[in-house]
Amino acid sequence: MEQEAASFDDHAFAPMVSLELNVAMFKSRWQFCDKITEYLSDILGQGHSDPARYSNFLSVATNELIELAFRSTSELGRISFSLYRNATFNRLRITFPCEEVSSREHTNARASEHQPVPGAGSGYVVMKSDETVLLSDLAAIFRATIRIEKDGGQGIQIIADFPSTEDFQ
């Protein structure tokens with residue numbers, strides 16, 4: 001499937017769920033990554049002919065993105081996880097504070113790209129070369145569009161659009 005999300009505009013998507021936490025509380029236990037992944041993946045599986053298979057498959061990517069946010073966020077502020085759905089895509093948006101974001105540009109990872117994401121080697125964890133390769137690999141495996149962008153002056157958003165079709169190979 002070569003189709004990608006028509007727009008990163010959330011208005012084209014129906015909201016499904018949103019969860020917001022204090023970053024210090026979120027970072028107090030690594031296990032929160034797994035719990036949040038399980039919760040969000042179960043919701044993503046709803047409405048599919050085989051919800052367990054779809055949610056299990058996407059839980060891998062969801063967990064990697066949540067763990068990336070865990071490693072990248074500063075200790076102060078709020079982190080939010082939101083799910084949206086339209087006819088062809090499910091969107092995961094993770095928004096969190098990151099101290100070094102103001103000096104860097106946003107980056108994209110698309111399923112059709114097999115190269116490291118532009119911007120690799122920057123100063124914060126989300127943008128280090130091994131993380132950008134991870135994002136490119138996730139985008140290719142899940143035929144997803146993954147984008148990282150600034151959220152105001154001191155924050156980052158990870159936006160991942162996953163196809164809602166169930167024919168993963």
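1. A residue counts as buried when its relative accessible area is under 20%. Arg91 has a relative accessible area of 0%, so Arg91 is buried. That cut-off applies to several points in this note. The model is predicted.

2. Overall layout. The protein has 4 helices and 6 strands. From start to end of the sequence, their order is β-α-α-α-β-β-β-α-β-β. There are 169 residues, and 50% of them count as buried. The exposed area of the protein is about 8,000 Å². Carbon and sulfur atoms account for 51% of that area.

3. Contact range. Take the contacts between residues at least 6 apart in sequence. Of these, 68% join residues at least 24 apart. The residue pairs below give some cases of chain segments brought together across the sequence.

4. Salt bridges, in total. The structure contains 4 of them. Side chains of opposite charge can pair when their charged atoms come close. Three pairs are described in the next points, among them Asp161 with Arg91.

5. Asp161 and Arg91. These two residues form a salt bridge, with 2.6 Å between the closest N and O atoms. The pair joins distant parts of the chain: Asp161 sits in strand β6 (residues 155-163) and Arg91 in strand β3 (residues 89-97), 70 residues apart. Are the two partners buried or exposed? Asp161 is buried, at a relative accessible area of 0%. Arg91 is buried too, also at 0%.

6. Arg78 and Glu20. Here the closest N and O atoms of the salt bridge are 2.9 Å apart. Arg78 belongs to strand β2 (residues 78-85) and Glu20 to strand β1 (residues 14-22), so this pair ties together parts 58 residues apart in sequence. Arg78 is partly exposed, at 43% relative accessibility. Glu20 is partly exposed as well, with a relative accessible area of 47%.

7. Arg53 and Asp50. This salt bridge has its closest N and O atoms 3.5 Å apart. Arg53 is partly exposed, with a relative accessible area of 39%. Asp50 counts as partly exposed, at 32% relative accessibility.

8. The nonpolar core. In soluble globular proteins, nonpolar side chains tend to be buried together. The largest nonpolar core in this model has 35 residues. Those with the most contacts inside this core are Phe26, Leu65, Ile79, Phe81, Ile94, Ile146 and Phe162. Which element gives the core its largest share? Helix α3 (residues 51-72) does, with 8 residues.

9. Phe162. Setting aside residues up to four places away in sequence, Phe162 touches Tyr54, Leu58, Ala61, Leu65, Thr88, Phe89, Asn90, Leu92, Phe142 and Ala144. Leu65 appears in that list, and Leu65 is also among the residues with the most contacts inside the core.

10. Ile158. This residue lies in strand β6. Ile158 is buried, with a relative accessible area of 0%. Beyond its neighbours within four places in sequence, Ile158 is in contact with Leu65, Leu68, Leu92, Arg93, Ile94, Phe96, Ile146, Arg147 and Ile148. Leu65, Ile94 and Ile146 from that list are also named among the core residues with the most contacts. Ile158 and Ala69 are 89 residues apart in sequence, and their C-alpha atoms are 8.2 Å apart in space.

11. Helix α3. This helix has 22 residues. From its first C-alpha to its last, α3 reaches 30 Å, close to the 32 Å expected at 1.5 Å a residue. Where does α3 bend? The bend falls at Ser59 and is about 35°.

12. Ser55. Ser55 is in helix α3. Its relative accessible area is 7%, so Ser55 is buried. Leaving out neighbours within four places in sequence, the contacts of Ser55 are with Ser41, Asp42 and Gly45.

13. Lys150. Lys150 is in strand β5 (residues 145-150). At 36% relative accessibility, Lys150 is partly exposed. Lys150 and Thr95 are 55 residues apart along the chain, and 9.2 Å separates their C-alpha atoms.

Note on methods:
Residues are numbered from 1 along each chain as its sequence is written. This is a predicted model: local features need pLDDT of at least 70, side-chain atom pairs count only at pLDDT 80 or more; totals for chains, interfaces and linings use all residues. Side-chain values use heavy atoms; hydrogens and water are left out. A salt bridge is a side-chain nitrogen of Lys or Arg within 4 Å of a carboxyl oxygen of Asp or Glu. Helices (H or I, at least four residues) and strands (E, at least two) are DSSP runs, numbered from the N terminus. Buried means under 20% relative accessible area, exposed over 50%, partly exposed in between (1.4 Å probe, protein chains only). Contact means heavy atoms within 4.5 Å. Accessible areas come from the Shrake-Rupley method with a 1.4 Å probe; for residues, only the protein chains shown count as cover. A nonpolar core is a set of buried Ala, Val, Leu, Ile, Met, Phe, Trp, Tyr and Cys residues joined through side-chain atoms within 4.5 Å. The expected span of a helix is 1.5 Å times one less than its number of residues. The bend at a residue is the angle between axes fitted to the seven residues ending there and the seven starting there.
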